[in-house]
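Hi,

Here's the structure I said I'd pass along. Have a look at it first, and my notes on the empty spaces and one helix pair follow below.

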Amino acid sequence: MSIWFLDKPLARRPGLGAVLALLALVALGVLAMAAGPASAARPRAHAAYAQRCDDPFPATRDRSNPLDLPNAPGPDPLTGANFFVPGPAHGAASSAIAQLVGLNTTNIPSDESWASFQQDLTSGPLSQRISGGQAREVHQLEIIASQPEAQRFSIFSGGGGPGAIFGQVEKILCRNLTADPGSIPIINTYFMHPALGGCSTAREISAESPVFRRQVGEMAQGIARRPAVTLLELDAIGSSVCMAHNGGLPAWEADLRYEINQLAALPHTVVYVEAGYSDANSPGYTAKILNAIGVRKIRGFFTNDTHMNWTIDEIHWAQQVSAKTGGAHFIVNTSQNGNGPKANPHPVTQGNENLCNPPGRALGPLPTTNTGFGHADAFMWTHPPGNSSGCGGGPPSGVFFPAYAAGLAARANQKLGPGFASRPY
């Protein structure tokens with residue numbers, strides 16, 4: 001099993017009665033989730049959403065070891081965890097490598113591990129398929145494929161309709177994780193922003209809220225007692241300033257609070273919520289929203305999720321946020337910030353940094369819990385490095401961009417920022 005720390009090796013049509021019954025169940029589920037906080041403590045199980053694999057974990061939470069690790073982690077609940085490294089059937093970079101050597105990924109078993117696949121690439125039958133020109137690209141993509149890969153649940157998962165999110169959760173936890181048995185998934189969510197954008201009115205948010213809460217409920221029901229690290233709502237706070245002026249922010253905060261409560265109620269989740277980035281909102285503004293949505297009920301927040309700011313800048317900013325939120329802990333995304341951001345020439349109209357698959361970027365520090373900074377639980381790749389941003393000449397947003405990913409790996413370094421030494425990959 002791959003370990004992610006730097007100090008270790010890393011048919012028939014249903015009858016009318018059945019249709020009416022299903023519609024009634026869906027309606028009841030939506031009404032229950034749209035109700036007030038008293039009904040929001042834990043999603044009610046839906047008869048159609050039966051778990052597809054074992055959930056052998058205890059129903060009670062050990063606060064000193066929330067992920068139910070074999071060894072107690074100490075003060076940082078992530079320490080010692082083996083996070084999920086997907087094999088070539090489902091991993092972004094490992095699937096790209098498989099295609100480079102002429103494999104059809106649909107024919108690769110879900111339980112083939114990255115370790116066994118890499119061995120075949122190095123000294124097994126697949127090594128004979130790698131030509132001289134391919135060797136460099138394969139090696140670069142291997143750097144990414146060997147690290148844990150965050151799994152995203154969004155409004156696009158399975159189309160987002162009733163049962164789709166639950167089905168996607170079960171697919172990941174029951175099938176994909178067989179490639180790395182005993183590992184713990186890193187899950188990020190992206191329900192709110194793609195459905196509404198970053199400047200929605202209270203009316204728009206309230207209209208979308210029942211669907212959002214159903215999707216969150218399905219995700220929580222799918223995770224159930226299984227251990228997971230959850231990173232909630234990309235761009236949730238970082239892009240929220242406009243709603244502070246149009247009156248939509250309280251409704252936005254209410255939905256974030258709902259999602260936090262649902263995931264925090266599960267026995268073996270460690271929960272962080274998106275807090276933005278050091279080149280956008282002030283620590284005071286960020287902390288005010290985090291306090292309003294209940295950050296003190298969870299482990300903390302994560303930063304830099306869609307930006308590429310230097311790690312040290314994020315740490316200094318996040319430490320200020322932490323001080324204003326009762327000492328909340330945090331994670332810094334280091335997936336593409338090895339060379340820091342590419343600044344735009346006209347930040348007022350273009351934004352502070354170029355986020356359209358900017359050239360010259362690099363993989364940042366490898367994932368680790370050994371950060372050396374108080375309250376910084378981990379450096380983590382909160383999305384697969386090389387996922388396209390959907391502009392700047394790349395494929396649609398969220399689609400893995402192998403050529404761009406290989407460039408990130410070719411320039412990879414472990415600098416925290418200017419003046420900090422770079423450790424080798």
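The second largest cavity comes to about 40 Å³. Bear in mind that this is a predicted model. Eight names to click on for this one: Ile155, Phe191, Met192, Ala195, Leu196, Glu208, Phe212 and Gln215 make up the lining. Two helices, α6 (192–196) and α7 (202–223), each give two or more residues to that lining. Sorted by class, the second largest cavity is lined by 6 nonpolar residues, 1 polar and 1 charged.

The largest cavity has a volume of about 80 Å³. Its lining runs to 13 residues, and those nearest the centre are Ile144, Ala145, Gln147, Pro148 and Glu149. Here the helices supplying at least two lining residues each are α2 (92–100) and α4 (132–145). The class split for the largest cavity is 8 nonpolar, 4 polar and 1 charged.

Then there's the open space. The largest pocket holds about 610 Å³, with 28 residues lining it. If you want to centre a view or a box there, Arg152, Pro384, Asn387, Gly398 and Val399 are the lining residues nearest the middle of the pocket. Helices and strands both show up among the elements that give two or more residues to this lining: α2 and α5 (164–175), plus β1 (151–154) and β2 (186–190). As for the chemistry of the pocket wall, I get 14 polar, 11 nonpolar and 3 charged residues.

You'll have noticed that α2 turns up in the lining of the largest cavity and again in that of the largest pocket, so to speak of its packing as well: how do the axes of α2 and α3 cross? They come within 12 Å of each other, at an angle of roughly 30 degrees, with α3 covering residues 114–122. Since angles under 35 degrees count as roughly parallel, that makes α2 roughly parallel to α3. The crossing of the two is left-handed.

And which residues do the touching between α2 and α3? On the α2 side they are Ser94, Ile97 and Ala98, and these meet Trp114, Phe117 and Leu121 of α3. That contact is made up of 5 nonpolar residues and 1 polar one, with no charged residues.

Cheers

How values were computed
Residues numbered from 1 in each chain as written. Predicted model: local features only at pLDDT ≥ 70, side-chain atom pairs only at ≥ 80, totals over all residues. Heavy atoms only, no water. 1 Å grid on protein atoms, 1.4 Å probe; cavity = no way out; pocket = protein on both sides within 12 Å on 5 of 7 lines; lining within 4 Å. Points joined across faces, edges and corners; volume = space filled by probe spheres on them. Helix = DSSP H or I, 4+ residues; strand = E, 2+ residues; numbered from the N terminus. Nonpolar A, V, L, I, M, F, W, Y, C, P; charged D, E, K, R; others polar. Axes fitted to C-alpha atoms, helices over the stretch in contact; angles between N-to-C directions. Parallel < 35°, antiparallel > 145°, perpendicular 65-115°, else oblique. Left-handed = near helix turned anticlockwise from the far one by under 90°. Contact = heavy atoms within 4.5 Å.
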